[in-house]
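Me: I am new to this structure and would like to go through a few of its details. Please show it to me before we begin.

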Amino acid sequence: MKIRINYDKCCWKNGKCTSSCCGVACNGCVEICPTKSLTREKNLIIDYSKCINCGACIDACKHGAISLN
């Protein structure tokens with residue numbers, strides 16, 4: 001199984017947070033990742049070579065945008 005991002009639900013779009021619940025400063029999935037597999041660029045990016053599928057990012061995402069597929 002692999003971590004998957006639903007970009008329609010993800011609050012990080014076009015290089016910025018688009019959610020009012022994050023206070024325009026995301027503090028969740030990227031910060032909680034123990035292997036630094038997630039980065040915020042134009043969109044949220046997963047480096048699958050680092051990801052251990054621990055699921056920490058799933059619990060940290062306030063929008064339900066990350067899941068195991």
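The questions and answers below deal with a predicted model.

Me: How many salt bridges are there by the rule used here?
Reply: Side chains of opposite charge can pair when their charged atoms come close. The rule asks for a side-chain nitrogen of Lys or Arg within 4 Å of a carboxyl oxygen of Asp or Glu. By this rule the count is one salt bridge.

Me: Which residue forms a salt bridge with R40?
Reply: The closest N and O atoms of the pair are 2.8 Å apart, and the cut-off is 4 Å. The partner of R40 is E31.

Me: Is R40 buried, partly exposed or exposed?
Reply: Buried means under 20% relative accessible area and exposed means over 50%, with partly exposed in between. R40 has a relative accessibility of 24%, so R40 is partly exposed.

Me: What is the relative accessible area of E31?
Reply: E31 forms a salt bridge with R40. E31 counts as partly exposed, because its relative accessible area is 37%.

Me: Where does N14 lie?
Reply: Most residues other than glycine have a negative phi. N14 is not a glycine, yet its phi is positive, near 50°. N14 is exposed, with a relative accessible area of 57%. Its place is the loop between β2 (12–13) and β3 (16–17).

Me: What is the phi of K36?
Reply: K36 sits in the loop between α1 (29–32) and β4 (38–40). With a relative accessible area of 52%, K36 is exposed. K36 is not a glycine, but its phi is positive, at about 55°.

Note on methods: Residues numbered from 1 in each chain as written. Predicted model: local features only at pLDDT ≥ 70, side-chain atom pairs only at ≥ 80, totals over all residues. Heavy atoms only, no water. Buried < 20%, exposed > 50% of the residue type's maximum accessible area, 1.4 Å probe, protein only. Helix = DSSP H or I, 4+ residues; strand = E, 2+ residues; numbered from the N terminus.
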